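User: Please take a close look at one glycine-containing loop in this model and at what packs around it. Give cut-offs for the terms you use.

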Amino acid sequence: VQNDRERALLELMLSTGLRVGEIAKLRISDIDFDKRKIHIPEGKTENAERDVFLTIKARNALQKYLGHRWQGFVFRPDRNVIDDKKPVTTGSINDWAKEIGERAGCHCVTTVHVYRKTFASMEYRRTKDVKYVSILLGHSSTAVTEKYYLVDDLKEIEYQALYAA
């Protein structure tokens, strides 16, 4: 990463698995830094209101990036940075995510969705709880989580169960 904004974005994506639209609409007032919790008031589905949690690294990166700001959107457009009434576009956030991945030498296009899948995989490997991961992602059912986010992890577990010594 090259600056505090990129560090905050990277840590936020890997810590929470938020959708690109949720990141764009994220307000400072949605974050409880003491409890390391973010409240997502709405999302893609009807049941998407949820709380997600920050790692210590993510909390610290966000606090450093925000500095003395305490209101408005977390991420602001490159232009008109004084205007806190206008969120950054999802395209800009995806561009920043791609740039981070390119500089890191990733062999795929690293959209926010790729970081979201990485979060889901890491969280599933840590907890082995599909329902919990599904709730954190704001999915309407665990079937969506399994089909689109954990398919490789579940295949690996099945393989290990069948063929591991």
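Analyst: Gly17 is in the loop between α1 and α2, where helices (H or I, at least four residues) and strands (E, at least two) are DSSP runs numbered from the N terminus. The model is a predicted one, in which local features need pLDDT of at least 70 and side-chain atom pairs count only at pLDDT 80 or more, while totals for chains, interfaces and linings use all residues. Residues are numbered from 1 along each chain as its sequence is written, and side-chain values use heavy atoms, with hydrogens and water left out.

Gly17 counts as buried because its relative accessibility is 0%; buried means under 20% relative accessible area, exposed over 50% and partly exposed in between (1.4 Å probe, protein chains only). Leaving aside residues up to four places away in sequence, Gly17 touches Leu12, Arg116, Phe119 and Leu137, a contact being heavy atoms within 4.5 Å. Leu137 is 120 residues from Gly17 along the chain, yet their C-alpha atoms are separated by 6.3 Å. Across the protein chain, residues 24 or more positions apart make up 53% of the contacts with a separation of 6 or more.

The contact with Leu12 leads into the largest nonpolar core. Such a core is a set of buried Ala, Val, Leu, Ile, Met, Phe, Trp, Tyr and Cys residues joined through side-chain atoms within 4.5 Å. Of its 29 residues, Leu12, Ile23, Leu62, Val74 and Phe75 touch the most other members. At least two residues each come from α1, α2 (20-25), β2 (37-40), α3 (56-66), α4 (90-104) and α5, and α1 gives the most, with five. Beyond four places in sequence, the neighbours of Leu12 include Ile23, Ile38, Leu54, Leu62 and Phe75, as well as Gly17. Apart from the largest core lies another, of nine residues, with Leu137 among them, alongside Val133, Leu136 and Tyr149.

Two other neighbours of Gly17, Arg116 and Phe119, are buried residues of α5, as are Val112, Tyr115, Ala120, Ser121, Glu123 and Tyr124. The end C-alpha atoms of α5 are 22 Å apart, which agrees with the 22 Å expected of its 16 residues at 1.5 Å a residue; the expected span is 1.5 Å times one less than the number of residues. After α5 comes Lys128, with a positive phi near 55°, in the loop between α5 and α6. Arg36 likewise has a positive phi of about 55° without being a glycine. Most residues other than glycine have a negative phi. Arg36 sits in the loop between β1 (31-32) and β2 and counts as partly exposed because its relative accessibility is 30%.

Phe119 also takes part in the second largest pocket, which holds about 230 Å³ of space. Among the 15 lining residues, Ser15, Phe53, Thr55, Phe119 and Glu123 are closest to its centre. Two or more lining residues come from each of α1 (4-16), β3 (50-53), α5 (112-127) and α6 (130-137). On a 1 Å grid over the protein atoms alone, a pocket is an open set of points where a 1.4 Å probe fits, with protein on both sides within 12 Å along at least five of seven lines; lining residues have an atom within 4 Å of a point. Points are joined across faces, edges and corners, and the volume is the space filled by probe spheres set on them.
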